[in-house]
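Please load the model in a viewer and set it to a cartoon representation. The tour below proceeds from one selection to the next, with a note on what each one shows.

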Amino acid sequence: MCRRASATIVAAVSSSAGKDAGFNTRAIHAGQEPDRLTGAVSVPIYATSTFKQDGVGGLRGGYEYSRSANPTRTALEEALAALECGERELAFASGLAASDTLLRALCAPGDHLLLPGDAYGVTFRLIARVLARWGLDYTPVPLSDLDAVRAALRPATRVVWCETPTNPLLGIADLVALADIAHEAGALLVVDNTFASPYLQQPLALGADVVVHSTTKYLGGHSDVVGGALVLQDAELGEQLAFHQNAMGAVPGPFDAFLVLRGIKTLGVRMDRHCANAARIAAFLVDHPAVARVYFPGLAEHPGHELAARQMRDFGGMVSFALRAGEEAAVKVCGLTQLFTLGESLGGVESLIEHPARMTHASVTGSPLEVPADLVRLSVGIEDVQDLIADLPQALS
Ligand SMILES: Cc1ncc(COP(=O)(O)O)c(C=O)c1O
């Protein structure tokens with residue numbers, strides 16, 4: 001059930017789901033009523049760029065051109081709004097496209113933004129190498145240190161950009177406290193909820209203004225689509241973002257929207273399994289002599305453990321660890337697993353392994369966001385956990 005249900009969510013959640021429906025019911029039914037014409041249970045892929053008008057301006061259901069709106073995308077947008085308990089959702093061609101559209105809609109040249117000291121490297125690259133050229137100023141700050149956040153705020157700060165858990169160090173930030181700090185300073189709190197997914201954490205209910213997703217990850221869930229999303233409560237801001245979505249044009253095609261929509265139907269059951277498997281693997285790694293440190297918020301010794309337990313349903317499917325023998329050992333481990341596939345990305349049903357410093361976070365080498373070279377990141381999939389655990393000793397030895 002949404003803790004802060006809104007009128008639009010109530011409308012978006014189909015009658016069969018009901019406004020008080022649980023998460024999995026909303027994932028399967030919100031925005032996904034059987035097709036009115038044919039009764040198709042699965043939302044059709046409306047592979048069309050344009051729509052016949054009944055006389056000039058006589059739109060059927062509000063559709064005129066698929067950059068502005070497409071019924072498959074509408075279904076995805078309604079479903080995701082219901083899952084994040086938001087007023088409005090906007091789907092994009094990638095997570096980065098969502099972030100870019102959001103930041104260029106919210107900020108003007110001369111504005112300032114705070115972002116996590118260990119933000120996702122490619123988000124940092126977007127801000128530092130693209131938006132900074134356009135006049136956006138930024139400060140990386142450890143978001144778990146609230147005094148440091150307060151000290152880094154400026155009169156021109158428009159956005160506090162948050163990830164929790166962070167990629168790849170699994171840091172946890174206090175969303176309620178950050179929302180208060182941002183709002184007191186006249187800024188908005190934007191939360192990239194990709195690592196948690198709406199099943200584990202709902203930032204809007206904790207005070208965030210906008211949620212960002214790379215739907216490429218847990219929401220899609222099958223490593224077969226790239227997509228992004230923004231979810232928010234404020235109707236006026238929603239209109240402003242919808243204008244930018246259409247004016248900038250980084251929208252997903254109907255087939256991509258369909259794939260994400262299909263993925264989210266099973267989000268809850270997949271996340272339960274990702275979380276259970278990740279907890280078992282973290283426990284295995286903690287005891288392994290080759291491992292210097294395990295980064296996983298489910299471990300009692302993780303500095304954000306209690307906070308994560310408060311604001312998340314479970315601790316997620318991502319586990320990072322540092323090798324005692326350093327960088328070369330970390331690189332070698334990544335090449336030796338059989339079941340964990342060496343590859344970028346995360347959140348799919350299959351387990352992945354990667355070396356962030358040379359792969360997903362190579363773009364931040366030499367910046368304040370550089371990640372440790374001895375670090376390995378696992379995206380723990382939903383295979384049988386004993387098989388996953390059996391894959392690790394030979395790679396670590
Ligand atoms: C936390 C996080 N945010 C945003 C993105 C960017 O998403 P996309 O690759 O869909 O553009 C990623 C991609 O890995 C990510 O991990």
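Select Val 212 and then Leu 230: the latter, in strand 7, is the bridge partner of the former. Helices (H or I, at least four residues) and strands (E, at least two) are DSSP runs, numbered from the N terminus. The model is a predicted one, in which local features need pLDDT of at least 70 and side-chain atom pairs count only at pLDDT 80 or more, while totals for chains, interfaces and linings use all residues. Residues are numbered from 1 along each chain as its sequence is written, and side-chain values use heavy atoms, with hydrogens and water left out.

Extend the selection to strand 6 (residues 210–214) and strand 7 (residues 228–232), which run antiparallel and are joined by 5 bridges. His 213 is found opposite Ala 229 of strand 7. On moving to strand 1, one finds 5 bridges to strand 7, again in the antiparallel sense. Here Leu 90 stands opposite Leu 230.

Keep strand 7 selected and show its side chains. In a regular strand the side chains alternate between the two faces of the sheet. Are the residues of strand 7 buried or exposed? Of its 5 residues, 5 are buried, that is, under 20% relative accessible area with a 1.4 Å probe and protein chains only. Gly 228, Leu 230 and Leu 232 lie on one side, and Ala 229 and Val 231 on the other.

Now display the whole sheet. It is open and mixed, with 7 strands in the order 1-7-6-5-4-2-3; two strands pair if DSSP finds at least two bridges between them. Strand 1 (88–92) and strand 3 (137–141) are the edge strands, each pairing on one side only. From one strand to the next, the twist averages 20°. Angles run from 0 to 180 degrees between N-to-C directions, and axes are lines fitted to C-alpha atoms, for helices over the stretch in contact.

Add helix 4 (residues 95–106), which packs on the sheet and touches strand 1, strand 2 (112–116), strand 4 (157–163), strand 5 (188–192), strand 6 and strand 7. Contact means heavy atoms within 4.5 Å. The direction of helix 4 makes about 160° with that of strand 4.

Select helix 5 (residues 121–131) next; it lies across strand 2, strand 3 and strand 4, at about 145° to strand 3. Because 8 of its 11 residues are buried, helix 5 is largely enclosed by the rest of the structure. Among the buried residues are Gly 121, Thr 123, Phe 124 and Ala 128. The buried residues of helix 5 pack against helix 4, strand 2, strand 3 and strand 4.

Show helix 4 and helix 5 together. Their axes come within 11 Å and cross at roughly 45°. Helix 4 is therefore oblique to helix 5, a term for angles outside the ranges under 35 degrees (roughly parallel), over 145 (roughly antiparallel) and 65 to 115 (roughly perpendicular). Leu 96, Ser 99, Asp 100, Leu 103 and Arg 104 of helix 4 meet Val 122, Leu 126, Ile 127 and Leu 131 of helix 5.

Finally, select helix 3 (residues 71–84) and helix 10 (residues 254–264), whose axes come within 8 Å and cross at roughly 35°. Among the residues of helix 3 in this contact are Leu 76 and Leu 83, and helix 10 contributes residues including Phe 258 and Ile 264.

Notes
Buried < 20%, exposed > 50% of the residue type's maximum accessible area, 1.4 Å probe, protein only.
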